[in-house]
Amino acid sequence: MAAISRFLAEPKTATIVGCPFSGGQPRPGVDKGPIHLVEAGLIDQIAELGWKVNFDGHHQFEEVDAKVDPPIGILKNPRLVSRVTEAVAQAVSSHARKGELPVTLGGDHSLAMGTISGTLSVYPETCVVWVDAHADINTAESTGSGNIHGMPVSFLLGIGSKVPEFSWVKPLLKAERLVYIGLRDVDAGEKRILRENNIKAFSMHEVDKYGIGKVVEMALDHVNPNRDLPIHLSFDVDALDPSVAPSTGTPVRGGLTFREGHYICEAIYETGLLVALDLMEVNPSLADPASVQQTLAVGCSLVRSALGETLL
């Protein structure tokens, strides 16, 4: 049964924001993820679920001029990541303001700095469900790699030292409105940040202990106790076990099963509160062709589940 959306305009419209961008991390190929997902038929699949679908082509970031982009501290490609994510924030907010559902296809997860900023600018009370093997909450002080795809959450929360290049990112996300599901590869510095900021996180340990149905219920009870706030779902495919989604940049064994990943999407759709969706880190260059096809199929399937596809 179709969930009645509390926030979206009728007719319900999904706008694909294709973000072929890889600057937040070092491995090539993740910028091809969105292109391959669209070529795999995602737009028609969403339309078959009863959505009007807008897709104006992938965002072309070539015009973002950051040829001279030396590290700031150890942060890599900071100007490029800042300008691209700011452009993404503007795109997402413009669609959300019209009552559309932005479906952002990444690209690396630094893009969430833009997508979530865009959502919060329109829906300030939004809560964020972040599904990922990684917490992506390193600060300029705690990052060991300088790869900004491991840092977007710290910028959104406004923790860590300020990096002037990212002054456009307003700390609009409240710690109590953020919940993680699926964590299993968290840096020591990130564990400390999660504790110090009292951020709710359900690792794979909790998924094993309680089952995914209970975990999703507890996650929503924490960030959205009355089930009345908008939800932004930011889903990194590496939350899934590599046996399910092998073609991603930082795979970690022991992840969510196919069904667990889909259940999260289905349950959030059922709330009628979803206002924005990210699907990130599909990297079609990092596996054999069969594994790439498998990962693309899973990515499309997750999006369909978040937009209302059911088993019966």
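Leaving aside its neighbours within four places in sequence, which residues is Asp132 in contact with? In this predicted model, the contacts of Asp132 are His109, Ile181, Gly182, Leu183, Asp236, Asp238 and Ala239. Three of these names, His109, Asp236 and Asp238, will be familiar from the annotation considered next.

An unreviewed UniProt entry carries the annotation "binding site" for His109, Asp132, His134, Asp136, Asp236 and Asp238. These residues are spread over 130 residues of sequence, yet they cluster in space, with a largest C-alpha distance of 12.2 Å. Among them, His109, His134, Asp136, Asp236 and Asp238 are included in the lining of the largest pocket.

It is helpful to look at two of the annotated residues in turn. Asp132 sits in the loop that runs between β4 (127-131) and α5 (152-157). Its relative accessible area is 0%, so Asp132 counts as buried, the cut-off being under 20%. His109 is likewise placed in a loop, here the one between β3 (101-106) and α4 (112-122). His109 also has a relative accessible area of 0% and is therefore buried.

The two loops meet through these side chains: a polar contact of 3.1 Å joins the side chain of Asp132 to that of His109. The wider surroundings of His109, not counting residues up to four places away in sequence, consist of Trp130, Asp132, Asp136, His149, Pro152, Ser234, Asp236, Met280 and Glu281. Asp236 thus appears in the contact list of His109 and in that of Asp132.

Conventions. Residues numbered from 1 in each chain as written. Predicted model: local features only at pLDDT ≥ 70, side-chain atom pairs only at ≥ 80, totals over all residues. Heavy atoms only, no water. UniProt positions renumbered as here; feature names shortened; annotations may be inferred. 1 Å grid on protein atoms, 1.4 Å probe; cavity = no way out; pocket = protein on both sides within 12 Å on 5 of 7 lines; lining within 4 Å. Helix = DSSP H or I, 4+ residues; strand = E, 2+ residues; numbered from the N terminus. Buried < 20%, exposed > 50% of the residue type's maximum accessible area, 1.4 Å probe, protein only. Contact = heavy atoms within 4.5 Å. Polar contact = N/O pair within 3.5 Å; in protein donor to acceptor, adjacent residues only side chain to side chain.
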